[in-house]
Amino acid sequence: MNDPSDNRTPRDPRQMLSRASLALPRDHVRAVSKRTTSSSAMAAPKAASGPPRSAAVSYLRIKSDLHQQLLTDLDRRNLISAGEDQLAEVVEDFVDQALELQDLPLNDGERRQLVDDLLEETLGVGPLAPLLADPAVTDVLVNGPYQVYIERFGHLEKTDVRFRDTEHLVRIIQRIAARVGRRIDEASPMVDARLPDGSRVNATLPPVTIDGPTLSIRRFGRRRLRRDDLMNLGMFSPAMRQLMAWVVRGRKNILISGGTGSGKSTFLGAAAEAIPDRERIVTVEDAAELILDQQHVVRMETRPPNIEGLGRIAARDLVINALRMRPDRIIVGEVRGGEALDMLQAMNTGHDGSLTTIHANSPRDALARLETMVLMAGLELPSRAIREQIVSAIQLVIHIRRYEDGVRRVQTIAEITGMEGDTPQLQDIFVFRSRGRQGKRLAGDFVATGIVPRVVEQMRAENIEVPLHLFHVAQ
Ligand SMILES: Nc1ncnc2c1ncn2[C@@H]1O[C@H](COP(=O)(O)OP(=O)(O)O)[C@@H](O)[C@H]1O
Ligand SMILES: [Mg+2]
């Protein structure tokens, strides 16, 4: 191993895990790089070819050009996964030379920023840097040091990126966590965080994940899938798109259900596009990922406990607080626990037009899980009372599924129509009907069941003229 930083690293992974460093890595890197004076045999970066002079664009362009040059160079010199001390030195040298040799239209502030940004991008994620430099990559999934997958254009591919060993991966995970003020170690072996660019990161360490540390980066902001993109990807039909817009505008409460990665949050964002711009929206998320177009948005994010186990802010606290902010709409990114109760109560007391998602296998399962979550609020409510709350609070359940062909589709739009005995009643308005595989893709249609939902009848009674042809069964 020719990595100098390894000499100071404890070899025992357990020792490694408990060696919790809270120093922000950039400070560390700066400190290290100030000490070093050696100049490397780095090839002089090529002169930039006539960059545009418009400030912000030109900075971003220069940074991304230099980042590419830097990565190519590191790769050629086999330094991509070198230790951070060595890398810091190389990056500083590279930037020094680039600034000296290339006619870069940058002011002093931008020059300093450039060094910081490149250090951050190169050192922050180690061997993952080239993957994250590719804007087409939407997810990066690391299962132990030798298996790195990416999702690109909706498909998972295995890459040949590898970490040197488990320690190397752990070090990078700790660095990513430290960068956003979190710690991951043996005592708390899981971390869920949002990076400064909005990407979501989850990391775990053994023994929670048996076969090694994992890292899941779900990138954000690179390619926002909007309502029409989703429709073009075959997630729902034009009639379903219209129904959604009507019910969102008409302030119906909607529960979006589905498995992990089925596209619930994406769908939620698309549904929210129909919220009128004049409304005040308060969002509550565990790791803020929603982007809304509306001007009047207050975003809230839960907070895990700090190292002393204090300071936790749960979704419940935020939902309760959101109610005091005079919202027109409350959007809860995903319900997972006791906040379900507060959300239902809000929906039942005039805060209409709320949207949320829930992890479930079917619309019926979604209702059952919601009931369990309400119980997590700790009040001893009889189950019938909870079900009545659910039935009067929520009008539609939209269930999403990632099908065998990898396409994410709305499987069902169902309406909650009431209770029969102790059981909430659901009726399907739209369903996806599969006709089996045709080549790689599943053939099938989104079909209306012919039932006009009661919410639509109500809206029509209020003179909101939802077109009824949406619900006609295709011949
Ligand atoms: N209709 C779709 N077609 C292709 N990719 C999609 C679609 N909907 C969502 N995605 C992608 O799938 C991934 C998971 O979506 P997300 O909404 O976060 O799922 P969930 O909230 O159910 O876990 C994201 O990378 C997202 O961009
Ligand atoms: Mg989600």
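**Exercise 1. Backbone outliers**

Arginine 326 lies in the loop between α11 (315-323) and β10. The model is predicted. Find what is notable about phi of arginine 326, and decide whether arginine 326 is buried or exposed.

*Solution.*
- Step 1. Phi of arginine 326 is near 50°, a positive value, and the residue is not a glycine.
- Step 2. Compare with the usual case: most residues other than glycine have a negative phi.
- Step 3. Count neighbours: 8 other C-beta atoms lie within 10 Å of arginine 326. A residue is exposed at 12 or fewer, so arginine 326 is exposed.

Now treat asparagine 463, in the segment after α15 (454-461), in the same steps.

*Solution.*
- Step 1. Phi of asparagine 463 is positive, about 70°, although the residue is not a glycine.
- Step 2. Asparagine 463 has 6 C-beta neighbours inside 10 Å and therefore counts as exposed.

**Exercise 2. A peptide bond**

Inspect the loop between β5 (200-204) and β6 (214-218), where proline 207 lies. Determine whether the bond from proline 206 to proline 207 is cis or trans.

*Solution.*
- Step 1. Read omega: the value is near 5°.
- Step 2. Assign the bond from proline 206 to proline 207 as cis.
- Step 3. Set this against the general rule: most peptide bonds are trans.

**Exercise 3. Strand β10 and its partners**

Describe the side chains of β10 (residues 329-332), then its pairing with β8 and β11.

*Solution.*
- Step 1. Arg329 and Ile331 point one way, Ile330 and Val332 the other. All are buried.
- Step 2. β8 (residues 281-285) pairs with β10 in the parallel sense, over 4 bridges. Here isoleucine 281 faces arginine 329 of β10.
- Step 3. β11 (residues 355-359) also runs parallel to β10, joined by 2 bridges. Valine 332 stands opposite threonine 356 of β11.
- Step 4. Add helix α12 (residues 339-348): β10, α12 and β11 form a right-handed β-α-β unit.

**Exercise 4. Helix α13**

Check the length of α13 (residues 363-375) and locate its buried residues.

*Solution.*
- Step 1. The helix has 13 residues and spans 19 Å between its first and last C-alpha, close to the expected 18 Å.
- Step 2. Its buried residues are Pro363, Ala366, Leu367, Leu370, Met373 and Val374.
- Step 3. They cover an arc of only 120° around the axis, so they sit on the same side of α13.

**Exercise 5. The shell of ligand 1**

Which residues come nearest to ligand 1, and which element gives the most to its shell?

*Solution.*
- Step 1. Of 17 residues around ligand 1, Met235, Gly263, Lys264, Ser265 and Thr266 come nearest.
- Step 2. β1 (137-143) and α10 (264-272) each supply at least two residues. α10 gives the most, with 3.
- Step 3. By class, the shell holds 4 nonpolar, 9 polar and 4 charged residues.

Key: Residues are numbered from 1 along each chain as its sequence is written. Chains are lettered from A and ligands numbered from 1 in the order in which they are written. This is a predicted model: local features need pLDDT of at least 70, side-chain atom pairs count only at pLDDT 80 or more; totals for chains, interfaces and linings use all residues. The expected span of a helix is 1.5 Å times one less than its number of residues. A residue is buried if 20 or more other C-beta atoms lie within 10 Å of its own, exposed if 12 or fewer, and partly exposed in between; C-beta atoms are placed from the backbone. The arc is that of the directions from the helix axis to the C-beta atoms. Two strands pair if DSSP finds at least two bridges between them. A crossover is right-handed if, with the strands pointing away from the viewer, the path from the first strand over the helix to the second runs clockwise. A residue is near a molecule or strand if its C-beta atom, placed from the backbone, lies within 6 Å of it. Ala, Val, Leu, Ile, Met, Phe, Trp, Tyr, Cys and Pro count as nonpolar, Asp, Glu, Lys and Arg as charged, and the others, Gly among them, as polar.
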